[in-house]
Every structure is written in structure tokens, then in C-alpha cells.
Amino acid sequence: GLERGAKNQFSTFSNFITTINQKKEGTGNSNSPTQLVIPNIKNVRDLPPICLDVRQKQRISIDTLPQELKAPIPPEPSLPIRTKTVKDFQDDIEKSKSSGDWKAVHDFYSTTFDSFLEINAAFKKDTNSAFNTIEDSGIDAKFVNVVYDALLNTPQDVQKSVLKGIINGLLQEWKGPRTKDDLRAYCILLQNPQFSNTSTYVIYAHLLRQIAALTEADHHFLVHWSKKISQRRFKQVVDRLLQFISLRLFPAKPEEFPPMMKCTWWIPSATKVLALFNAANSLISPPIISYMDFYNSTLDHIDLMEEYHNWQCYGNSHRFSFCQYPFIISIAAKKVIIQRDSEQQMISIARQSLVDKVSRRQKPDMNMLFLNVKVRRTHLVSDSLDELARKRADLKKKLKVTFVGEAGLDMGGLTKEWFLLLIRQIFHPDYGMFTYHKDSRCHWFSSFKCDNYSEFRLVGALMGLAVYNSITLDIRFPPCCYKKLLSPPIVPCDHNTLVGICDVTLDDLFQIMPELAHGLNELLSYEGNVEEDFYSTFQVFQEEFGVIKSYNLKPNGDKIPVTNQNRKEYVQLYVDFLLNKSIYKQFAAFYYGFHSVCASYALLLLRPEEVEILVCGSPELDMSALQRSTQYEGYQKTDLTIRYFWDVVLGFSLDLQKKLLHFATGSDRVPVGGMADLNFKISKSETSTNWQLPVAHTCFNQLCLPPYKNKKELKQKLIIGISNAEGFGLE
């Protein structure tokens with residue numbers, strides 16, 4: 001693999017810039033441009049939302065800055081006076097287009113981008129105002145957008161003058177602390193559309209390096225200013241950074257760029273600047289763009305396990321790894337990391353079992369290499385609970401399931417059905433472990449107290465086994481559940497440490513109990529006298545087995561009235577009680593069950609939403625995509641039977657399509673990689689078609705389809721087959 005760590009080498013703008021940099025290097029100034037920004041990576045990485053140490057997952061507000069970072073503010077130098085308006089600029093562009101004389105436009109661009117001061121003089125809303133707050137960058141966004149939109153349609157000499165000016169600006173701005181005008185200039189330059197062209201990448205790289213080297217306090221301002229950029233421009237900057245990283249990793253024309261060993265800082269600098277935009281995106285609800293827009297699919301093709309092992313060995317030290325910035329790694333790539341990490345753990349555990357057996361001079365048994373679960377269908381939950389409790393030391397071995405009294409051999413299909421039936425039974429309302437909320441169509445933990453929470457541990461272990469064995473489950477938990485599951489992502493050594501507790505908001509409650517959340521929201525917005533009209537106290541009432549019980553939200557809560565002044569505290573405590581405190585023991589057992597199987601540093605790479613996708617897959621079925629990726633054995637895709645089959649399936653209701661998917665694969669959910677990841681195959685069955693129904697081998701996602709005479713018969717037999725499919729047998 002290529003080492004992308006800190007090096008005191010960098011690619012030059014030109015021979016001229018190299019000479020200047022070498023002169024500055026001789027001065028020994030630690031702030032000189034020849035000093036790579038990456039060695040100070042620890043200081044930069046301390047800004048929590050930008051590059052959080054994912055090993056700790058600390059929840060620190062970006063607004064919380066040490067006092068020393070807020071002062072002193074360098075004095076702003078006086079700006080040149082520039083009076084050109086958006087209208088004046090647009091008039092100049094129109095005149096140049098009609099006359100062919102671009103001198104006025106050329107002069108504007110070359111002057112404006114010649115230095116950071118000139119950039120501020122042109123684009124600062126008011127040159128007499130300081131704009132030293134995070135709330136307002138002082139940038140005239142409309143003017144910036146108009147100037148950049150026109151830039152790519154100007155003659156080449158105009159565009160070159162802008163790049164030349166940027167080079168001058170970057171060279172001038174190396175020394176001394178940053179002023180807010182400098183930060184404004186960086187914010188404006190990042191939006192330059194010229195940096196989409198690979199010919200500008202050397203300049204772009206140095207711009208990114210300077211931004212990455214800024215102090216934590218300066219990053220703080222850039223993050224807050226960036227969240228004010230329009231969605232379209234924000235997405236363009238993110239895409240530009242992702243493209244820069246991709247083309248540096250896999251250049252279409254390697255000769256366009258300096259050798260990798262001369263610019264090892266390119267990718268770390270770009271990734272850190274991308275982290276600023278990721279932090280800005282996370283500060284807004286809803287976010288400016290989807291978290292998936294930060295994925296770089298190019299990383300799917302690098303040695304991910306090397307990245308993962310480097311991160312495990314070196315953590316967040318000076319050695320760069322993409323795992324330090326998990327937002328850039330796609331869910332598909334994270335799945336690969338988790339699967340390979342799981343496989344390595346499985347092999348390690350199995351090898352240790354084998355060594356132990358041989359060391360005691362006992363005959364090895366192949367079954368010892370697997371987690372063998374033997375259950376009766378009539379006692380599914382109790383048998384499963386007993387088996388997993390007895391074989392807790394084997395949970396990280398490959399899972400194999402046997403149904404007592406059935407001849408099926410588990411090549412994957414029996415495991416899928418075991419998961420399906422067990423989940424279906426445990427989540428049934430009559431079982432009492434989970435409450436189904438019709439309004440939100442999701443399950444939540446029952447708050448009823450009991451003596452033994454082992455069954456909640458079983459559900460957690462089931463989810464862990466599903467992730468560990470790459471099985472998708474039909475579980476409908478709200479997003480809040482997965483946030484709690486990663487709180488913390490690594491099981492604490494101190495068993496007295498609380499687990500499964502996270503910051504919850506009214507939005508989280510909306511996803512579970514929308515009607516109650518709406519009522520609490522009404523309380524917050526009520527304009528009358530809350531105390532007199534609602535007559536509530538800091539107390540909650542819950543029904544448990546027909547008995548109404550009361551719980552204080554705070555000490556002596558039953559004596560504290562809810563007023564206009566304290567209603568926010570009341571709502572927050574109420575939400576925290578419902579989603580954290582009232583179900584703590586249930587969720588703690590669930591948490592420990594999950595992590596008893598999935599204890600891995602790879603979990604630190606995941607967002608709660610990504611854990612949900614890994615566990616449940618996607619419920620969105622695209623049968624046309626399945627048709628495109630299907631393989632055939634004994635058939636051609638143009639055969640009449642196959643054409644009948646897809647005509648019938650594409651015309652099925654969603655319910656029948658899910659039944660077909662479950663019949664053929666053992667699950668009605670789509671895996672992380674989409675329908676193509678199913679490797680679905682249709683094989684020709686040569687037996688008589690008078691009575692023959694379709695047969696499925698769920699271990700291999702294979703459907704055996706007889707050559708039916710017509711579409712009507714195929715549809716009839718297919719519906720009978722997929723609607724009456726439970727259990728396994730061998731001919």
C-alpha cells in the first residue's frame with residue numbers, strides 16, 4: 001500500500017514557487033510552507049465533529065471551545081475600496097460577449113483574486129464591518145456565485161489570471177496568525193469551479209493544505225460559515241473534494257500529477273477539509289445533504305483491511321488512515337471490513353478450539369469449528385435461549401442450525417429460517433417483550449419490570465449473529481435504537497458504567513410515539529398559562545399489568561408544577577425517561593447481547609443508520625434490478641418460460657414480491673449492495689410439470705423453475721409455492 005503519512009515533501013506550483021519555498025525553508029520558521037501541515041495532525045483532529053477520535057466517540061459540542069482559542073483576534077488590515085456591484089459585473093460580461101473585448105472582465109478577475117485582501121474587498125458585504133462571529137461570514141454569496149458562474153465561460157487568459165492570482169495569494173498568506181478576512185478568502189476559494197479540472201490540482205492541493213493546517217478555532221469558524229452555503233454549492237464543493245481524492249488514488253493520466261511520494265500530504269489534507277464540511281452538514285437538522293453524499297466509492301477498491309489494521313495499530317497518530325474519517329467510507333466498504341474482521345475472528349476462535357483439543361490428545365471433531373444450534377420448532381425461543389446461553393464461548397464461530405426431526409442440511413438456508421421464525425415469535429405482541437406502535441410502524445421495548453431479562457439479551461445476540469453471519473433481519477426498530485446500541489460502541493471494562501444511554505430529543509420520540517411527541521410539542525408552544533391550564537407536575541404515570549404506577553422525573557417531582565419557565569426541562573426529562581430510564585435494564589441486556597457477538601473496533605466506523613442497514617437491509621424492492629442481475633442455468637433469458645416468469649413477477653403486488661424473495665433467499669429484505677448482491681439464479685427443473693411446484697435452495701439463492709406450458713400455469717404454481725413455504729426436506 002501507499003504510505004500517505006506525514007512527509008516533509010510537497011509538490012510545487014512551479015519552479016518559481018519551489019525557489020521561494022526553499023528560501024523560506026532556510027529561515028527555519030516552523031510556520032513556513034515547507035513545514036507539512038500533517039505533523040500537527042493531533043491538534044487539528046481535536047475538533048470533535050471534524051475528525052472525532054472514533055475510538056472514544058466523545059459527544060462534544062463544536063461550540064465548546066477553550067477560552068484561549070477565542071482570543072486574541074488578529075487585527076484586520078484595511079481593505080482596498082472596490083465599488084463594483086453584481087449588476088455592474090453582469091453588465092461588463094454582457095458587453096464583453098457582444099463586443100469581444102474582455103479587458104474589463106479580465107481586469108476585474110485578475111485584481112479580485114490577486115490577494116486575500118482583494119478577495120475580501122470584492123466579496124465582503126460591508127468592508128467597514130468586522131464580521132467576527134460564526135453567525136455571519138460577511139460574504140456576499142450572490143456576488144460570489146455570479147462571478148464563479150461566469151468564470152468558466154470566459155476566455156482562457158481570464159481563467160489563467162485567476163489561477164495566477166490564487167497562487168500569489170497562497171504565497172502571501174503563509175506567515176502570521178489568520179485573520180477573519182483570511183478565513184473568508186479560504187471559504188470563497190474553496191467554491192472555485194476551476195478546481196474540478198485536474199490541471200489545477202497542484203494549486204488546489206496547496207489551498208487544501210493551508211486550510212487543513214488552520215487552528216482549531218479557525219476551523220470552528222469555517223465549519224459554521226460553510227453550513228450557510230447553498231445546498232447546490234455545498235454539494236459541488238464536496239463532490240470536488242471526493243473527485244480530488246479519487247483521482248489522486250487512481251489517476252487516469254498519472255503523468256498529470258507529481259509522483260505520489262512527493263505529495264503524500266495531498267489526500268490527508270483533502271480528507272481533513274472534507275471533514276470540515278461533514279461537520280457543517282451534521283450541525284443542521286435536516287442536514288444540507290445526505291450523509292451518503294460523503295461516501296467515496298473509489299475507496300471500495302483499495303486495500304481496506306490494510307487501512308483498518310493501520311488504524312487499529314496506530315490509532316489517530318500521525319499515520320494517516322481513511323478509518324480515522326469513517327464518514328468517507330461507504331456502507332458497502334464498511335460491510336467488507338466487518339465481514340473480514342468477523343471471518344478472522346471466526347478462524348481465530350476455531351483454530352484455538354482445535355489446538356486445545358489436540359493439546360489434550362483428543363480426536364478433533366469438525367462440529368467444534370461451528371456454533372451448532374439445535375432447536376425444536378415447538379419450543380423455538382426456549383431452546384434457542386438455552387443453546388446460546390450454554391454456548392456463549394462459541395458465539396464467534398460460524399453459525400449452523402438444525403431443526404430437530406428434519407433432514408435439512410444447513411448450508412445457509414436453515415440459518416435464515418431460524419432467524420425469521422425466532423424474530424417473528426419474539427416480536428409478537430402476545431409475547432410482551434416489545435410494543436408495536438401502529439402510528440410509527442415500529443417496535444419499542446416494553447417498560448414492564450420482570451425478574452429475568454435474558455430474553456432481551458437473546459434478541460441482542462440474534463442481531464449480533466445476523467451482522468456477524470451476514471444475514472438480514474426483518475426487524476423494525478426506530479433509528480434511536482441503533483443510536484443507543486452504539487452508546488458506547490465498545491463495551492466498557494467497568495461494569496458499573498451505564499450502557500445504552502444516549503442524548504435523546506423530541507425528534508427521537510416522534511419516530512416512535514408521534515402522537516405523544518406531538519402533544520409535548522404543543523405544550524412547548526402553548527401561549528397560555530401552562531401551570532393553571534395543564535395542572536401537571538414532574539411526574540409520569542404508566543400502566544403495568546393493569547396497575548397505574550407513578551414515577552418522578554426529578555427528586556420531589558410530584559410537588560413541582562410544570563410552568564412556562566420549566567416546561568422545556570419537563571419535556572426533556574419526559575423523553576429521557578421514556579427512551580432511556582424506563583427501559584434501562586431491558587436495553588442494557590439487549591446491548592450486552594449484541595456486543596457479546598459483535599465486539600469489534602469495526603463498529604466504531606458505523607453511524608446508527610448504517611448499523612440499521614447492516615442488520616435489516618433495505619425494504620425497498622426493485623424487481624427490475626433483480627431481473628437485470630439474475631443468472632440462469634439451463635435457461636436463456638430470452639426463453640419463453642423466463643419471459644413468462646418476469647412478466648408475472650413484475651406484475652405481482654409488493655406482498656407477493658416479498659414472498660417470492662423470501663421463498664428463494666430466506667429473507668424479504670435487500671442486502672447492503674442491492675439486488676445484485678443476492679446472486680439470484682434461476683435453474684431449469686426437468687421433472688414433470690403436471691404437479692411440480694417451483695423449488696428453492698435458499699442456501700444458494702436459487703430458484704428451480706419447471707418449463708411450464710403457459711403463463712397462467714406458471715403464475716398459479718408460483719403463487720402456490722411461495723405462499724406455502726416453510727420447513728426443509730431432502731428428496
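**Group meeting: the largest cavity and the cysteines**

Hi everyone, let's start inside the protein: 13 residues line the largest cavity, and nearest its centre you'll find I338, S342, Y468, C598 and S600. Please keep in mind that this is a predicted model.

How much space lies in that largest cavity? About 80 Å³. A search of the whole structure turns up 3 cavities of 30 Å³ or more, and I'll stay with the largest one for now.

So who builds the lining? Three helices each supply at least two residues to the lining of the largest cavity: α14, spanning 331-359, α17, spanning 454-468, and α23, spanning 584-598. Of the contributors, α14 gives the most, with 4 residues. If you have the structure open, those are good stretches to colour.

And what is the chemistry of that lining? Its residues split into 8 nonpolar, 3 polar and 2 charged.

Now to the cysteines, since somebody always asks. How many disulfides are there? The count comes to 0. Take C481 as an example: the nearest cysteine sulfur belongs to C480 and is 7.5 Å away, and C481 is in no disulfide. A disulfide here needs two cysteine sulfur atoms within 2.5 Å, so a pair at that distance doesn't qualify.

Is C481 buried or exposed? It is buried, with a relative accessible area of 0%. C323 has a relative accessibility of 1%, and because the cut-off for buried is under 20%, C323 counts as buried too.

That's my tour: a largest cavity of about 80 Å³, with α14 as the leading contributor to its lining, and a disulfide count of 0. Thanks for listening!

Conventions:
Residues numbered from 1 in each chain as written. Predicted model: local features only at pLDDT ≥ 70, side-chain atom pairs only at ≥ 80, totals over all residues. Heavy atoms only, no water. 1 Å grid on protein atoms, 1.4 Å probe; cavity = no way out; pocket = protein on both sides within 12 Å on 5 of 7 lines; lining within 4 Å. Points joined across faces, edges and corners; volume = space filled by probe spheres on them. Nonpolar A, V, L, I, M, F, W, Y, C, P; charged D, E, K, R; others polar. Buried < 20%, exposed > 50% of the residue type's maximum accessible area, 1.4 Å probe, protein only.
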